[in-house]
Amino acid sequence: MPDESDLAAADAMIHAAWGHPVDELTHFLREGKVQDPALVAVLRIRTALVIDDSDVSAHQQRLHRLTRPDRAPLFYELTQVSTSSAELVSARAGSQARLHAIRSVIDAYPENHLADGLTRSLARSATPRVEAARARSAAEAVNGPPVAQNTSRVVSTNLATRTSRR
């Protein structure tokens, strides 16, 4: 068994490519600060990898439970052992394929291209907010603080204007 899970290896690759942890990158995408199709693709593949990682650990636990030391599996448990081991191999292969897909997406770009693109996107998304805040500050300095206007209207309740419904 490898010391590092495929999910941890994928997280390390993503962190190295974009220069930020996966949680921050997900937050940037949710907030709309970044429009990076490569990042979207990698995070979608990573989501499938999370499911595969969960399957791998579940099958490993089941196999460890069925094949504990000082315990011989019962006859009917032998089928469960072989089924779990086959499913473990299948889940592990899927996990490896997804890890390879993430590596392929990252390797398609030159070194530091993804991190530089993310930095530029974050700077662009922050610029309009900063400019809007400066504009509001400048307007308040010139005009004073904004005054709330009363927009409620008085409506007459003249009985003559009402119609009865029959």
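Helix H1 has 13 residues and spans 18 Å from its first C-alpha to its last, close to the 18 Å expected at 1.5 Å a residue. The model described here is predicted.

Eight positions of this helix can be named as buried: Asp6, Leu7, Ala9, Ala10, Met13, Ile14, Ala17 and Trp18. These buried residues cover an arc of only 160 degrees around the axis, which puts them on the same side of H1. An α-helix has 3.6 residues a turn, so residues three or four places apart point the same way.

H1 (residues 6-18) packs with helix H4 (residues 77-107): their axes come within 10 Å and cross at roughly 5 degrees. Angles under 35 degrees count as roughly parallel, and H1 and H4 are therefore roughly parallel to each other. On the H1 side, the contact is made by Asp6, Ala9, Ala10, Met13, Ile14, Ala17 and Trp18. H4 contributes Arg92, Ser95, Gln96, Leu99, Ile102, Arg103 and Ile106. By class, this contact of H1 with H4 holds nine nonpolar, two polar and three charged residues.

Two residues have a positive phi, as listed here.

| Residue | Phi | Place |
|---|---|---|
| Gly19 | near 80 degrees | follows H1 |
| Asn112 | about 70 degrees | loop between H4 and H5 |

Asn112 has its positive phi although it is not a glycine. The helix after its loop, H5, covers residues 113-143. Is Asn112 buried, exposed or partly exposed? Asn112 has a relative accessible area of 47%, and is partly exposed.

Definitions and conventions:
Residues are numbered from 1 along each chain as its sequence is written. This is a predicted model: local features need pLDDT of at least 70, side-chain atom pairs count only at pLDDT 80 or more; totals for chains, interfaces and linings use all residues. Side-chain values use heavy atoms; hydrogens and water are left out. Axes are lines fitted to C-alpha atoms, for helices over the stretch in contact, and angles run from 0 to 180 degrees between N-to-C directions. Helices (H or I, at least four residues) and strands (E, at least two) are DSSP runs, numbered from the N terminus. Angles under 35 degrees count as roughly parallel, over 145 as roughly antiparallel, 65 to 115 as roughly perpendicular and the rest as oblique. Contact means heavy atoms within 4.5 Å. Ala, Val, Leu, Ile, Met, Phe, Trp, Tyr, Cys and Pro count as nonpolar, Asp, Glu, Lys and Arg as charged, and the others, Gly among them, as polar. The expected span of a helix is 1.5 Å times one less than its number of residues. Buried means under 20% relative accessible area, exposed over 50%, partly exposed in between (1.4 Å probe, protein chains only). The arc is that of the directions from the helix axis to the C-beta atoms.
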